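Q: Please take a close look at one part of this model, the packing of one pair of helices, and set it in the context of the chains around it.

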Amino acid sequence: MSTSTLPLNRYAFAVWRRNVMVWRRIMWASLTTNVCDPLLFLFAFGYGLGAVIDEIAGLTYLAFVLPGMMAYATMFAASFETTISTYARISMQGTWNAILATPVTLTELILGEALWATTKGVVSMLCVLGVGLVWGGIQAPAGALAAIPILALGAFCFACCGLAATAHAKTWDFFAYFFTFWVTPMFVFSGTFFEVTRFPWFVQAVAWLLPMTHLIAVVRPLATGGALVPLAAVGHVAYLVVLTAFAFWLARRRFARRVFD
Amino acid sequence: MAGIVEARDLEKRYGDVHAVRGVSFAIAGGTCVGLLGPNGAGKTTTMRMLLGLTRPSAGRVEVFGGDIAALGRDFRMRIGLVPQDDNLDPDLSVRENLEVYGRYFGISAATLRERVPKLLAFMQLEERGDAKVMQLSGGMKRRLVIARSLIADPELIVLDEPTTGLDPQARVLIWRRVLDLKRQGKTLLLTTHYMDEAQRLCDRIIVIDAGKVLDEGRPAELIERHVRGHVFELTKPLPEGVVPEELEREDIGDSILVYTADPAALRDRLPAEVEYLHRAANLEDVFLRLTGRRLREG
């Protein structure tokens, strides 16, 4: 398969549009859950935990947790889409087989899937941001908006990691490992609900391997108006970029073997 | 026209399984070629290699005069595939399925608006445009998959068991359309388990089994070569010496099949007490002679 031309083209977008068309039919159900999820979280954690915790890192708990929830929504939506949903398209619906018989290359197909998962991650995140802005608690709205492109990069990174996992999946059971050893650790160790610095050093070391930790480290200062060291921010973004490239390469290589051999 | 498709010494190994063991053939432009073989013979693998969907372990494929390894996406623009499984988008409508697929070929929205209704009409689906794929019968889904394969007006159409599991009415419609496509000058490659279908549609037949080409030729040629044109099915037991030595025969259990080019001569020799059935030989006889009568698993 030729991959010499830039794969970000109309063929990749044709794959993206296919997923948009299917999603449009369940759009309202999907958006409702995207909005209600953070509402339930805010209600439970904001009132529950917020009442116990006066201040965390110099912020109210609500202000602290909202950027983490934005990152979490991004991560969960992009991860779910590229694992459970992509695997259904591959193994049950034959969607990938149908597409690969057309001029769309494997690289474009993977890219189209990743872009779609990025879209879902961003939509899910925007619902959290919207809820946060209405509920109150986004301390620096301009900074939160500025964080959107970083979160989109994060979504793309999670999407590529999900695809790399799916490329290795032989049965549905595989995804239990993915969620237990990838999604859940990012939920609890990456600073969504409390600071990473509370962990002993070896847990922190593992936490900094997770892309979510880097994403939150950039998004939280932006959305709360906190101090963000430019060099550190560049480092976090660079980590996401490198991991994204590696995951995409791994997914592409593994899928090529599964599809063509 | 010269060969639209040329396969040379194609081989495919999956671990220890040698699925295709050196298959070579050519398909001339504007013809319909049937690839026949029992389950597990290597038909689908061979087709996938022709389309660049499976990498051959050895050998090469040329399509439209170029090596597919070097052709990139361009050769896919000129091929329509009707896969064995209906991999339509179940969540989309009939029309949307065609539009979505058309975009994979980079076809503009304006062209699709003009082409989709024509294809729906061609496959007699014009009244089902807004139906969900899930609501379609098996025959309609199959017709939609064929319509979909034509979205980019391909020169070569590959049909993998296009009528398996369909009722006779649906099969007849699909046959008519395949013949229409041939009349339009399209090149067709099809696999099927229905020998009447192959005989009716194909100009040439390639019989493969255990990953090898057993024989190829025009249907009439194959019938002449392997089963002489006429079959006598003689019920056992048979008196000694009833059937002339020079005629080929096959014991199939309860009876013996005898193949002959001169039915009158054989009939004259048969004693009155011998029960027999005489019929014209067909492709099914050829197929069973070449690939054997043993049941295939998988």
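A: What follows starts with the helix pair and then moves outward to the chain, the contact between chains and the second chain.

The model is predicted. The pair consists of helix 1 (residues 10–24) and helix 5 (residues 106–135), both of chain A, which pack with their axes 8 Å apart and at an angle of about 45°. An angle under 35 degrees would count as roughly parallel and one of 65 to 115 as roughly perpendicular. Helix 1 of chain A and helix 5 of chain A are therefore oblique to each other. The crossing of helix 1 of chain A with helix 5 of chain A is right-handed.

On the side of helix 1 of chain A, the contact is made by A:Tyr11, A:Ala12, A:Phe13, A:Val15, A:Trp16 and A:Asn19. Facing them from helix 5 of chain A are A:Glu108, A:Leu109, A:Leu111, A:Gly112, A:Glu113, A:Leu115 and A:Trp116. By class, the residues of this contact are nine nonpolar, two polar and two charged. In an α-helix there are 3.6 residues a turn, so residues three or four places apart point the same way.

The chain that holds this pair has 11 helices and zero strands. Its pattern along the sequence is accordingly written α-α-α-α-α-α-α-α-α-α-α. Chain A has a radius of gyration of 19 Å, close to the 18 Å that the globule rule gives for 261 residues, so chain A is as compact as a globular protein of that length. Along the principal axes, the C-alpha atoms of chain A fill a box of roughly 60 × 40 × 35 Å. Of the 261 residues in chain A, 47% are buried. Among contacts in chain A with a separation of 6 or more, 82% join residues 24 or more positions apart.

One buried position in chain A is A:Met70, in helix 3 (residues 61–91) of chain A. A:Met70 has 31 other C-beta atoms within 10 Å, and is buried because 20 or more are required. Not counting residues up to four places away in sequence, A:Met70 touches A:Met125, A:Val128, A:Leu129, A:Leu151 and A:Val219. The C-alpha atoms of A:Met70 and A:Leu126 are 7.6 Å apart, while in sequence the two are 56 residues apart.

Chain A also meets chain B, in a contact that takes 23 residues from each of the two chains. On the side of chain B, helix 3 (residues 94–104) of chain B gives the largest share, five residues. That side is made up of 11 nonpolar, four polar and eight charged residues.

B:Thr54 lies in the loop between helix 1 (43–50) and strand 4 (58–63) of chain B. B:Thr54 counts as buried, with 21 C-beta neighbours inside 10 Å. Leaving aside neighbours within four places in sequence, B:Thr54 is in contact with A:Phe260 of the other chain and with B:Lys12, B:Thr45, B:Arg48 and B:Met49. B:Lys12 is 42 residues from B:Thr54 along the chain, with 8.7 Å between their C-alpha atoms.

Elsewhere in chain B, helix 10 (residues 283–291) has as its buried residues B:Leu283, B:Asp285, B:Val286, B:Phe287 and B:Arg289. Among the elements of chain B that cover these buried residues are strand 3 (32–36), helix 7 (195–201) and strand 9 (204–209). Helix 10 of chain B is followed by B:Gly292, with a positive phi near 85°.

Conventions
Residues are numbered from 1 along each chain as its sequence is written. Chains are lettered from A and ligands numbered from 1 in the order in which they are written. This is a predicted model: local features need pLDDT of at least 70, side-chain atom pairs count only at pLDDT 80 or more; totals for chains, interfaces and linings use all residues. Axes are lines fitted to C-alpha atoms, for helices over the stretch in contact, and angles run from 0 to 180 degrees between N-to-C directions. Helices (H or I, at least four residues) and strands (E, at least two) are DSSP runs, numbered from the N terminus. Angles under 35 degrees count as roughly parallel, over 145 as roughly antiparallel, 65 to 115 as roughly perpendicular and the rest as oblique. A crossing is left-handed if the near helix is turned anticlockwise from the far one by less than a right angle, and right-handed if clockwise. Two residues are in contact if their C-beta atoms, placed from the backbone, lie within 7 Å. Ala, Val, Leu, Ile, Met, Phe, Trp, Tyr, Cys and Pro count as nonpolar, Asp, Glu, Lys and Arg as charged, and the others, Gly among them, as polar. The radius of gyration is taken over C-alpha atoms; the globule rule is 2.2 Å times the number of residues to the power 0.38. A residue is buried if 20 or more other C-beta atoms lie within 10 Å of its own, exposed if 12 or fewer, and partly exposed in between; C-beta atoms are placed from the backbone.
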